[in-house]
Amino acid sequence: MERAMASEYRCVGCGFRVKSLFIQYSPGNIRLMKCGNCKEVADEYIECERMIIFIDLVLHRPKVYRHVLYNEINQETVNIQHLLWKLVFAYLLLDSYRSLLLRGTNEHSSLVLVTVKVLVDVLSTNLAFLFSFAIAAKGLLHEVSRKREILLGILISSYFKIFLLAMLVWEFPVSVIFIIDMLVLTSNSMALKVMTESTTSRCIAVCLIAHTVRFLVGQIIEPTTFFTQFGSLVYLSSLFRIL
């Protein structure tokens, strides 16, 4: 019996729309379908372990981004609206922790004042990111439709922020935050490229503009974080010289 699939499922190799990803004859007995365009298996990640999928995500492979954004997360199997709100909450929570890490341990203000500063910082910088991203995407990619889907893709591709939680357990230099920011930027660019099928340079430009505006707004609100990230750059350059 063939499982019904939505028309938005994609071949992970060429991005061509496919009607079905596999035929299920019995539990545990499936046959992967081939793409009508490239004649290859439409989605080989269906049979892969989660760890392999995660590793390929870290390696920024377009195939796995198509698998996650089109085939794994689909309106047929997932409540998109519910998932979107969950991701927004998780994103803001991780961003709040990032803001606290950048402030360091030298913050002697009261807990209420620190909380207010962090909330203002997180909300302001992310609103600036959204507006600048929307303007840049419209100007460079001419992308005005599928706003919700692209926002979902940006949130999902920001999964590198999860690594901030490692700093709860182990002590890392602040430069790690800068490295994570760079990985989020490149991951956002890959997700945007997969979803819009635009050129890599344009997608990087859109994400770079949005992240730069976000950074500048953050400096207006909390200028001291500039010196923290500048110190991170100096640390990274000295590290590369040693290596």
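F163 is partly exposed in this predicted model, with a relative accessibility of 36%. The residue belongs to a nonpolar surface patch that it shares with M51, F54, I55, V58 and L59, and together these side chains offer about 530 Å² of accessible area. Two other members of the patch can be placed on the same scale: F54 has a relative accessible area of 35% and is partly exposed, and I55, at 42%, is partly exposed as well. I55 sits in helix α1, which covers residues 50-58.

Aromatic contacts come next. The structure contains 5 aromatic pairs. In the pair made by F54 and F163, the ring centres are 6.3 Å apart and the planes meet at 45°, so the arrangement is tilted. Because F54 lies in helix α1 and F163 in the loop between α5 (147-156) and α6 (175-196), this pair ties together parts of the chain that are 109 residues apart in sequence. F54 and F163 also join Y159 and F160 in one aromatic cluster.

It is helpful to set these features beside the database annotation. An unreviewed UniProt entry lists residues 122-141 and 150-170 under "transmembrane region". In the model, residues 122-141 are 100% helix, with the end C-alpha atoms 27 Å apart. Residues 150-170, by comparison, are 33% helix and 0% strand, and their end C-alpha atoms lie 34 Å apart.

Finally, D121 is a residue of helix α4, which spans residues 111-141. With 11% relative accessibility, D121 counts as buried. Beyond its neighbours within four places in sequence, D121 is in contact with S99, R103, G218 and I221.

Methods
Residues are numbered from 1 along each chain as its sequence is written. This is a predicted model: local features need pLDDT of at least 70, side-chain atom pairs count only at pLDDT 80 or more; totals for chains, interfaces and linings use all residues. Side-chain values use heavy atoms; hydrogens and water are left out. Helices (H or I, at least four residues) and strands (E, at least two) are DSSP runs, numbered from the N terminus. Buried means under 20% relative accessible area, exposed over 50%, partly exposed in between (1.4 Å probe, protein chains only). Contact means heavy atoms within 4.5 Å. UniProt positions are given in the numbering used here, feature names are shortened, and annotations may be inferred rather than shown by experiment. Patches are made of residues with over 30% relative accessible area and no salt bridge: like charges are joined within 9 Å, nonpolar side chains (Val, Leu, Ile, Met, Phe, Trp, Tyr) within 5 Å. Accessible areas come from the Shrake-Rupley method with a 1.4 Å probe; for residues, only the protein chains shown count as cover. A salt bridge is a side-chain nitrogen of Lys or Arg within 4 Å of a carboxyl oxygen of Asp or Glu. Rings of Phe, Tyr and Trp (its six-membered ring) pair if their centres lie within 6.5 Å; planes under 30 degrees apart count as stacked, over 60 as edge-to-face and the rest as tilted.
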